[in-house]
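Here is a set of questions and answers for a student who wants to see how descriptive words are earned from computed values. Each answer sets a value beside the rule that gives the word its meaning.

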Amino acid sequence: KLCKNGHSALQWFTIRNKHTMEAKVMSRYDPGTAKRIYVYRNGAINTDAKQLVVNDRQVRDFGTFLNRVTSGLRAPVAIRNIYTPSEGHKVRTLGDLQSGHYYVAGGAEHFKKARYGAEPKLLQRRPARVEVSIPARTQQAVVASARYKRPVEK
């Protein structure tokens with residue numbers, strides 16, 4: 001008996017399973033789904049951004065992503081908000097993240113506007129240390145008796 005496509009039932013089953021398996025394999029190992037982002041801690045301007053890879057296979061929802069950021073930054077409190085560093089707009093979904101961009105991660109506190117990634121302003125530098133050479137002390141022999149009751153004879 002032939003199906004409407006002109007194939008036998010066995011051929012149709014084989015073709016259908018082959019395409020389904022290829023689709024599953026391609027979706028499982030698709031390299032285009034990973035995003036590389038850089039994350040700063042909220043208010044920490046003197047630290048470098050932490051690079052994180054967001055992969056659709058390992059991070060399926062935004063809550064899992066926030067937990068991953070918390071562990072990646074080793075934050076003392078749970079990260080619950082992700083902001084853009086320039087304007088402080090909240091990122092609400094994984095689809096809003098763009099590969100290669102920088103973000104700021106914060107807990108329950110509001111976004112702290114700072115110059116993330118910029119060189120910190122240096123305070124006044126101390127004058128350079130002047131090295132002075134001090135002659136080494138020579139060790140002198142100590143004259144002492146091993147028996148404290150007996151006077152030392154010279």
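Q: What is Ala78 in contact with, leaving aside its neighbours within four places in sequence?
A: In this predicted model, Ala78 is in contact with Thr70 and Gly107, once its neighbours within four places in sequence are left aside. The word contact is used here because heavy atoms lie within 4.5 Å.

Q: Where is Ala78 placed, and what separates its C-alpha atom from that of Ala105?
A: Ala78 sits in the loop between α2 and β3 (81-83). The C-alpha atoms of Ala78 and Ala105 are separated by 9.8 Å, while the two residues are 27 residues apart along the chain.

Q: Why is Ala78 called partly exposed?
A: The relative accessible area of Ala78 is 40%, and the word buried is kept for values under 20% and exposed for values over 50%. Since 40% falls in between, Ala78 is called partly exposed.

Q: Why is Asn55 counted as buried?
A: Asn55 has a relative accessibility of 13%, and the cut-off for buried is under 20%, so Asn55 counts as buried. Its place is in the loop between β2 (50-54) and α2, and, leaving aside neighbours within four places in sequence, Asn55 is in contact with Thr33 and Ala34.

Q: Why is Arg74 called exposed, and what is notable about its phi?
A: Arg74 has a relative accessible area of 73%, and exposed means over 50%, so the word exposed applies to Arg74. Arg74 is found in the loop between α2 and β3, and its phi is near 55°, a positive value in a residue other than glycine. As a general background, most residues other than glycine have a negative phi.

Q: How do you know that β1 pairs with β2 and with β4?
A: Two strands are said to pair if there are at least two bridges between them. β1 and β2 are joined in the antiparallel sense over 5 bridges, and β1 and strand β4 (residues 102-106) in the parallel sense over 4 bridges, so both cases meet the requirement of at least two. As examples, Val39 has Lys50 in β2 as its bridge partner, and Tyr38 has Tyr102 in β4.

Q: What makes β3 and β4 a pair?
A: These strands run antiparallel and are joined by 3 bridges, where at least two are needed, so β3 and β4 count as paired. One of the bridge partnerships links Asn81 to Gly106 in β4.

Q: What makes β4 mostly covered?
A: Of the 5 residues in β4, 4 are buried, which means that each of these has under 20% relative accessible area. In the chain of 154 residues, buried residues make up 19%.

Q: Which residues have the most contacts inside the largest nonpolar core, and which elements supply it?
A: The largest nonpolar core has 18 residues, and those with the most contacts inside it are Ile37, Phe65, Val69 and Ile82. At least two residues of this core come from each of β1, β2, α2 and β4, and the largest share, 5 residues, comes from α2. A second, separate core has 5 residues, including Tyr40, Tyr83, Val104 and Phe111. In general, nonpolar side chains tend to be buried together in soluble globular proteins.

Q: Which residues is Ile82 in contact with, leaving aside its neighbours within four places in sequence?
A: Beyond those neighbours, the contacts of Ile82 include Phe62, Phe65, Leu66 and Val69, and also Val91, Tyr103, Val104 and Ala105.

Q: Which residues line the largest pocket, and how do they divide by kind?
A: The largest pocket has a volume of about 160 Å³, and its lining is made of Tyr40, Arg41, Ala44, Thr47, Asp48, Lys50, Ser71, Gly72, Leu73 and Arg74. The elements that give two or more residues to this lining are β1 (35-41) and α2 (62-73), and α2 gives the most, with 3 residues. The lining residues divide into 3 nonpolar, 3 polar and 4 charged.

Q: What pattern does the chain follow along the sequence?
A: The chain has 2 helices and 4 strands, and read along the sequence it follows the pattern α-β-β-α-β-β.

How values were computed:
Residues are numbered from 1 along each chain as its sequence is written. This is a predicted model: local features need pLDDT of at least 70, side-chain atom pairs count only at pLDDT 80 or more; totals for chains, interfaces and linings use all residues. Side-chain values use heavy atoms; hydrogens and water are left out. On a 1 Å grid over the protein atoms alone, a cavity is a set of points where a 1.4 Å probe fits but cannot get out, and a pocket is an open set with protein on both sides within 12 Å along at least five of seven lines; lining residues have an atom within 4 Å of a point. Grid points are joined across faces, edges and corners, and a volume is the space filled by probe spheres set on the points. Ala, Val, Leu, Ile, Met, Phe, Trp, Tyr, Cys and Pro count as nonpolar, Asp, Glu, Lys and Arg as charged, and the others, Gly among them, as polar. Buried means under 20% relative accessible area, exposed over 50%, partly exposed in between (1.4 Å probe, protein chains only). A nonpolar core is a set of buried Ala, Val, Leu, Ile, Met, Phe, Trp, Tyr and Cys residues joined through side-chain atoms within 4.5 Å.
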